[in-house]
Amino acid sequence: MALLPRNAKAGMEGVDKEKMQRIVYETSKGSKYFENEEKKEALLRQKIENMRAQRAKLSAADLSHYQTVADRRILELEATRDLSRIWLHADMDAFYAAVETLSNPSLKGKPMAVGGMSMISTANYEARRFGVRAAMPGFIARKLCPELIFVPTDFKKYTHYSELTRKVFEKYDPNFMAASLDEAYLDITEVCKERSMSGGEIAEELRKCVNEETGLTCSAGVAPNRLLAKVCSDINKPNGQFVLTNDRMAVMTFIFSLPIRKIGGIGKVTEHILRDAFGISTCEEMLQKGGLLCALFSHSTADFFLSVGLGIGRTDTPQVSSRKSISSERTFSATDDETLLYQKLADIAEMLCTDMKKGGLCGRTLTLKLKTASFEVRSRAVTSEKYFSSSEDILKYASKLLKAELPISLRPTLVSFQ
DNA sequence: TACATACAC
DNA sequence: TATGGTGTATGTA
């Protein structure tokens with residue numbers, strides 16, 4: 001059985017979820033994609049079995065040792081808790097879909113998705129009631145909702161509206177952090193102080209201002225750190241907000257009942273592992289099983305899990321770091337025609353080169369990413385002594401990597417790291 | 001460094 | 001008919 005869609009959202013009361021899942025399953029079943037997903041799930045189950053076995057091997061002495069490690073680490077993390085800042089996470093509601101509705105008001109009230117038959121970027125709330133989701137292929141969405149209207153993506157438009165929202169964010173925090181076109185983190189500590197307003201009042205005003213400037217709605221979360229603010233912005237979505245006060249007890253009460261999947265950085269796989277190998281579903285259980293986590297995960301991963309259990313997150317504003325990689329990838333229908341594969345490779349190399357020139361970037365490591373006809377993903381890399389940026393160099397290294405993989409039926413991609 | 005995974009949007 | 005593209009982080013060998 002396939003795993004649940006990754007964003008089974010609220011607002012779905014009175015909806016036949018079983019019927020939706022059956023439609024998704026029936027539509028996917030038997031496809032190459034589906035078979036690959038099953039293979040991946042089998043590997044995950046294997047991994048979970050391995051972790052259970054490792055867990056069972058721990059002696060009483062091991063357990064008490066790791067409990068001590070966890071207890072000490074929890075104290076150290078607690079000492080770093082910072083309740084002095086107020087963070088706001090702003091998240092535009094169904095952003096791409098909302099922008100498209102602004103430019104075509106006849107879409108209002110109708111189920112609509114931005115994207116095409118192979119992939120959907122965003123669905124409006126009317127479409128979500130049918131189970132239509134971001135990252136769902138359009139042909140499945142249409143089975144769920146035959147009336148669904150498809151609108152092609154138009155990034156220029158979304159970038160324009162994104163800039164309008166950022167002009168508003170800037171007024172509340174000149175150093176705000178843009179997380180994507182439709183999300184941002186703002187440290188509103190100073191503006192709250194200067195204007196003697198609460199975080200909630202600032203959030204109300206900011207959302208009103210965003211709406212006046214763009215005609216779009218957003219939701220906001222206000223909390224003592226970014227990790228919590230992000231969780232909070234999802235609680236009263238759409239067009240709502242939620243405030244978590246800067247109080248240790250309030251934070252602990254809030255975080256303890258929270259399902260781990262709500263935390264940014266904990267996805268489908270981690271949720272599955274923690275639940276099936278350790279019986280952890282809530283953040284409180286992260287703390288309770290801290291010893292096991294310290295025994296079986298790396299230092300940094302265990303630290304992350306424990307800090308989640310404590311509701312501790314980043315409160316600093318990191319300076320914008322330079323980017324670490326640039327890539328260009330295209331998926332096309334599978335072929336084993338080598339001439340055609342080299343032609344596709346040359347096209348992608350050209351696109352990558354154009355982007356690198358635009359950004360004034362060059363790289364030393366080139367990674368060729370290959371998607372096989374059966375949806376397996378492989379990557380092959382080379383590092384050269386000197387930096388390169390010309391399409392000839394890119395194609396030279398990429399062709400060499402591709403040649404070593406032939407014959408193969410592919411749908412490729414290109415990545416260059418610097 | 002090479003490769004695979006996980007995650008976010 | 002048909003399951004994306006871009007970037008970051010991390011674990012492991």
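I started with Tyr 33 and looked up its link to DNA strand C: an N or O atom of the Tyr 33 side chain sits 3.5 Å from a base oxygen of the strand. I count a polar contact as a pair of N or O atoms within 3.5 Å; within protein, one must be able to donate a hydrogen and the other to accept it, and residues adjacent in sequence count only if both atoms are side-chain atoms. A note to self: this is a predicted model, where local features need pLDDT of at least 70, side-chain atom pairs count only at pLDDT 80 or more, and totals for chains, interfaces and linings use all residues. Residues are numbered from 1 along each chain as its sequence is written, chains are lettered from A and ligands numbered from 1 in the order in which they are written, and side-chain values use heavy atoms, with hydrogens and water left out.

**DNA strand C**

I then checked two other contacts. The side chain of Lys 324 has an N or O atom 3.0 Å from a phosphate oxygen of DNA strand C, and a backbone N or O atom of Ser 118 is 3.4 Å from a sugar or linking oxygen of that strand. I find 26 residues around DNA strand C, with Ser 28, Ser 298, Arg 323, Glu 329 and Thr 331 the closest; near means that a heavy atom of the residue lies within 4 Å. Which element gives the most to this surface? I see β9, with five residues.

**DNA strand B**

Next I looked at how the protein meets DNA strand B. Of the strand's atoms within 4 Å of the protein, 97% belong to sugar or phosphate and the rest to bases. I noted a phosphate oxygen 2.4 Å from a polar backbone atom of Ala 381, and one 3.0 Å from a polar backbone atom of Gly 265. The largest share of this surface comes from β11, with six residues.

**Helix packing**

I also looked up α11 (residues 248–256) and α15 (residues 299–310), which pack at an angle of about 115° with axes 7 Å apart. The two helices are therefore roughly perpendicular to each other, a label for angles of 65 to 115 degrees. On the α11 side I list Val 251, Met 252, Ile 255 and Phe 256, and on the α15 side Val 308, Gly 309 and Leu 310; contact means heavy atoms within 4.5 Å.

**Residues 34–61**

Last, I found that UniProt, in an unreviewed entry, places a "coiled-coil region" at residues 34–61. In the model, that stretch is 93% helix and 0% strand, with its end C-alpha atoms 44 Å apart.

Key: Axes fitted to C-alpha atoms, helices over the stretch in contact; angles between N-to-C directions. Helix = DSSP H or I, 4+ residues; strand = E, 2+ residues; numbered from the N terminus. Parallel < 35°, antiparallel > 145°, perpendicular 65-115°, else oblique. UniProt positions renumbered as here; feature names shortened; annotations may be inferred.
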